[in-house]
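This report concerns the empty spaces, the nonpolar packing and the unusual backbone geometry of one protein chain. The sequence and structure follow.

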Amino acid sequence: MADETELLILPARDVVLYPGVVLPIAVSRPRSTATAQEAVRLHSRIGLLLQKSASPESPEDPGPDDLYRVGTVASVARFVTAADGVHHLICQGEQRFEVREFIATDPVLKARVTLHSDPEAVSPEVEARAVYLRDRALEALRLLPQTPMELVSTLQSVKGPGQLADIVISVMDADVAEKQAILETFDLAARLDRVIGVLAKRIEVLKLSRDIGEKTRTALTERQKEAVLREQLRQIRRELGEEGEGPSEVKELAEAIESAGMPQEAKEHAVRELRRLERMPDGSGEHSMVRTYLDWLVALPWSKLDPENLDIESGRRVLDADHFGLEKVKRRILEFLAVRKLNPQGRSPILCFVGPPGVGKTSLGQSIARALGLEFARVSLGGVHDEAEIRGHRRTYLGALPGNIIQALRRAGTRNPVLML
């Protein structure tokens, strides 16, 4: 059945409303707001048309050429204005329509449309498709982890095949273009076939997700079983007196901690972590984390301190040999070396080199290291957006690592390198 009427047109972005479906719609654009207010004032129905493009480059107030020609007639159940100025409509879809011509564009869109209703009498082929669609939709709901019982009741109580197809596609996370194509399908059998096709793909995805979840749970169960068996094996070895035989991992780490030359506080902490490691099952995720942490502790150059060569003349010769000109810069570096020589117990100075790439900042740092007879380590901070990359990650994170400064100290192999950040 089809008849003609005039409707206020409300453009919708990324929203397709179907007949028999209630949907909230946010309205913020000037023309859309005027259309919604006019419809509420006149107590008239509106026509929702999907905007063809929802990209940032699309027009803010779309015209007739920016909209699809098939939409849904809707009545406005509620009109609410939020504190941020956005208007919210609760729309009840009623029937499909097709635009014949736009008769007004300013201040609101208005069009002459042809209304389309689904036929009351349907063929046995359509009935069979509807029965199949209802069964597959209920199957999809059973695959969901938390099935809303209201939706199950709605699907079981819907009588018309067209209304069933519209409700099923409205609750699916299908592509907007696919939903619009189904809205434009007036033939009932073809519409049911398209919805059945989309639903079949969704059911396959849900089945795969369920299988993956079951496999994951099985893997976790196996890992827990492995951890129990490892703990039982450890207890058996302890009862047999075999636990202390051979150079075990714990013994090697204990010897490395003793020979690392750590300060007392760091050594006590390392011994504490070693005792935790000894009590952990080998297959646990925390075991590898603690093991990596201890490896870093023993690998740091706690006791290696290179002697500094604070000869000013020697430093001048190195700077002159490596760099031509730069007299102010070299004089300032020599001043710092002189202060360091006068006060060896003071804190090491921090020098700040400013300039574009390629002017010799890094090579000056290398020259300072060569003049002092110290190791040189460069830490690149380009592209660092997280302070954890400098300070170090929390040990609770998977794959946590020390910060760039600690990593540079380990690469340099000494406690007092010249660090270039």
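Leu326 sits in the loop between H10 and H11. In this predicted model, Leu326 has a positive phi near 55°, although the residue is not a glycine. With a relative accessible area of 38%, Leu326 is partly exposed, because that class lies between the limits of 20% and 50%.

His43 likewise takes a positive phi, of about 55°, without being a glycine. The loop that holds His43 runs between helix H1 (30-42) and strand E3 (46-50). His43 counts as exposed because its relative accessibility is 75%. Most residues other than glycine have a negative phi, and most peptide bonds are trans. A cis peptide bond is nevertheless present between Asp106 and Pro107, with omega at about 5°. Pro107 belongs to the loop between strand E5 (87-104) and strand E6 (109-116). A positive phi of about 75° is also found at Gly373, just after H12.

The backbone values are collected here.

| Site | Angle | Value |
|---|---|---|
| Leu326 | phi | near 55° |
| His43 | phi | about 55° |
| Gly373 | phi | about 75° |
| Asp106 and Pro107 | omega | about 5° |

Helix H12 has twelve residues, which at 1.5 Å a residue should span 16 Å; the end C-alpha atoms are 17 Å apart, in agreement with this. Its buried residues are Leu364, Gly365, Ser367, Ile368, Ala369, Ala371 and Leu372. Their cover includes helix H10 (312-322), H11, strand E7 (376-378) and E8.

H12 also takes part in the largest pocket, where it gives the largest share of the lining, five residues. The volume of this pocket is about 900 Å³. Its lining numbers 34 residues, and Pro349, Leu351, Val418, Leu419 and Met420 lie nearest the centre. Two or more lining residues come from each of helix H11 (327-342), helix H12 (361-372), helix H14 (404-412) and strand E8 (418-420). By character, the lining of the largest pocket comprises 22 nonpolar, seven polar and five charged residues.

Rolling a probe the size of a water molecule over the atoms shows where empty space is left. How many cavities of 30 Å³ or more does the structure hold? There is one such cavity. The space in the largest cavity amounts to about 50 Å³. Its lining is formed by Ala12, Val15, Val16, Leu17, Leu48, Leu49, Leu50, Gly71, Thr72, Gln180 and Leu183. At least two lining residues are supplied by each of E3, strand E4 (70-81) and helix H5 (176-183), and the largest share, three residues, is that of E3. Eight residues of the cavity lining are nonpolar, three are polar and none is charged.

In soluble globular proteins, nonpolar side chains tend to be buried together. The largest nonpolar core of this model contains 47 residues, and those with the most contacts inside it are Ile46, Leu133, Leu155, Val168 and Leu199. Helix H6 (residues 188-240) contributes the largest share of this core, nine residues. Leaving aside residues up to four places away in sequence, Leu199 touches Leu133, Arg136, Ala137, Ala140, Val168 and Met172.

Note on methods. Residues numbered from 1 in each chain as written. Predicted model: local features only at pLDDT ≥ 70, side-chain atom pairs only at ≥ 80, totals over all residues. Heavy atoms only, no water. 1 Å grid on protein atoms, 1.4 Å probe; cavity = no way out; pocket = protein on both sides within 12 Å on 5 of 7 lines; lining within 4 Å. Points joined across faces, edges and corners; volume = space filled by probe spheres on them. Helix = DSSP H or I, 4+ residues; strand = E, 2+ residues; numbered from the N terminus. Nonpolar A, V, L, I, M, F, W, Y, C, P; charged D, E, K, R; others polar. Core = buried A, V, L, I, M, F, W, Y, C linked by side-chain atoms within 4.5 Å. Buried < 20%, exposed > 50% of the residue type's maximum accessible area, 1.4 Å probe, protein only. Contact = heavy atoms within 4.5 Å. Expected span 1.5 Å × (residues − 1).
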